[in-house]
Amino acid sequence: MNRLLAMIALATCPLAACVTAPEPCTQAWVEYKSDQILGQFASDNRGLINDLRRLTNDEGDLNTFTTMRLMSRADDLQAFADSFQNQVIPDLELALAECHQSDQFAPALIGFLRDEGVDEAALEWVAPIIGLMQQMREDNVGNPPRTL
């Protein structure tokens, strides 16, 4: 009986691999790859994403305590935006470049957060902050900060 179960398990392994990884360069494969990459990013940043979810209450009003907490985590927000820009987007582009489709998929941090359940009011609050932080960082890349 054990031998029969082992043979069935071995016989189904190749079938399981076909189900979990779609044929490369299909729409299903693009969704599969992006889900893998974004899923890992979400897992790595679960705490901050949960804070962003709690940014508003059930009525859509900003939660003062959570807002203050997020403002004290400005470095974490910057690292979050940087890792999305510097790791997630290149990983997605690399996966899609295999199929010469990199121009067909443009991931957006706000869209990602929306998919993760962050409320629209919270997104309206945090999006300009992240955008400003990214712009300031890009402006300072080639120009070191001036000292007085």
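Which residues are buried in H3? That is a handy way into this structure, so here are some notes to read alongside the model.

1. **What you are looking at.** Keep in mind that this is a predicted model. The chain has seven helices and zero strands, and along the sequence the pattern reads α-α-α-α-α-α-α. Of its 148 residues, 30% count as buried. If you take the contacts between residues at least 6 apart in sequence, 67% of them join residues at least 24 apart.

2. **H3, and the opening question.** The buried residues in H3 are Leu48, Ile49, Asp51 and Leu52. Looking down the axis of H3, you find these buried residues within an arc of 155°, so they line one face of the helix. Do note that Asp51 is on that list along with Leu48, Ile49 and Leu52.

3. **H4, from both sides.** In H4 the buried residues are Thr66, Thr67 and Leu70. They fall within an arc of 100° when H4 is seen down its axis, so they too line one face of their helix. Turn to the other side of H4 and you meet Thr64, Phe65, Met68 and Ser72, which are exposed. Phe65 also has a part at the start of H4: its backbone nitrogen has a side-chain oxygen of Asn63 within 3.0 Å.

4. **How H3 and H4 meet.** The axes of these two helices come within 9 Å and cross at roughly 145°. The crossing of H3 and H4 is left-handed. On the H3 side the contact is made by Leu48, Asp51 and Leu52, and on the H4 side by Thr66, Arg69 and Leu70. It's worth setting this beside points 2 and 3: Leu48, Asp51 and Leu52 are among the buried residues of H3, while Thr66 and Leu70 are among those of H4.

5. **The loop after H3.** Glu59 sits in the loop between H3 and H4. Is Glu59 buried or exposed? Its relative accessibility is 63%, so Glu59 counts as exposed. Have a look at where Ala121 is, too: Glu59 and Ala121 are 62 residues apart in sequence, yet their C-alpha atoms are 9.9 Å apart in space.

6. **The loop before H3.** Asn45 is found in the loop between H2 and H3. With a relative accessibility of 16%, Asn45 counts as buried because the cut-off for buried is under 20%. A polar atom of the Asn45 side chain lies 2.9 Å from the backbone oxygen of Phe41. Leaving aside residues up to four places away in sequence, Asn45 touches Phe80 and Ser83.

7. **The core.** Phe80 comes up again here. The largest nonpolar core has 29 residues, and those that touch the most other members are Phe80, Phe84, Val88, Leu109, Phe112 and Leu113. Helices H2, H3, H5, H6 and H7 each supply at least two residues of this core. H5 (74-97) gives the most, with eight residues. As background, nonpolar side chains tend to be buried together in soluble globular proteins.

8. **One core residue to click on.** Try Leu113. What does Leu113 touch, not counting residues up to four places away in sequence? The list is Ile49, Leu52, Phe80, Val118 and Leu123. Two of these names bring you back to the start of this note, as Ile49 and Leu52 are among the buried residues of H3.

Technical notes
Residues are numbered from 1 along each chain as its sequence is written. This is a predicted model: local features need pLDDT of at least 70, side-chain atom pairs count only at pLDDT 80 or more; totals for chains, interfaces and linings use all residues. Side-chain values use heavy atoms; hydrogens and water are left out. A nonpolar core is a set of buried Ala, Val, Leu, Ile, Met, Phe, Trp, Tyr and Cys residues joined through side-chain atoms within 4.5 Å. Buried means under 20% relative accessible area, exposed over 50%, partly exposed in between (1.4 Å probe, protein chains only). Helices (H or I, at least four residues) and strands (E, at least two) are DSSP runs, numbered from the N terminus. Contact means heavy atoms within 4.5 Å. The arc is that of the directions from the helix axis to the C-beta atoms. A polar contact is a pair of N or O atoms within 3.5 Å; within protein, one must be able to donate a hydrogen and the other to accept it, and residues adjacent in sequence count only if both atoms are side-chain atoms. Axes are lines fitted to C-alpha atoms, for helices over the stretch in contact, and angles run from 0 to 180 degrees between N-to-C directions. A crossing is left-handed if the near helix is turned anticlockwise from the far one by less than a right angle, and right-handed if clockwise.
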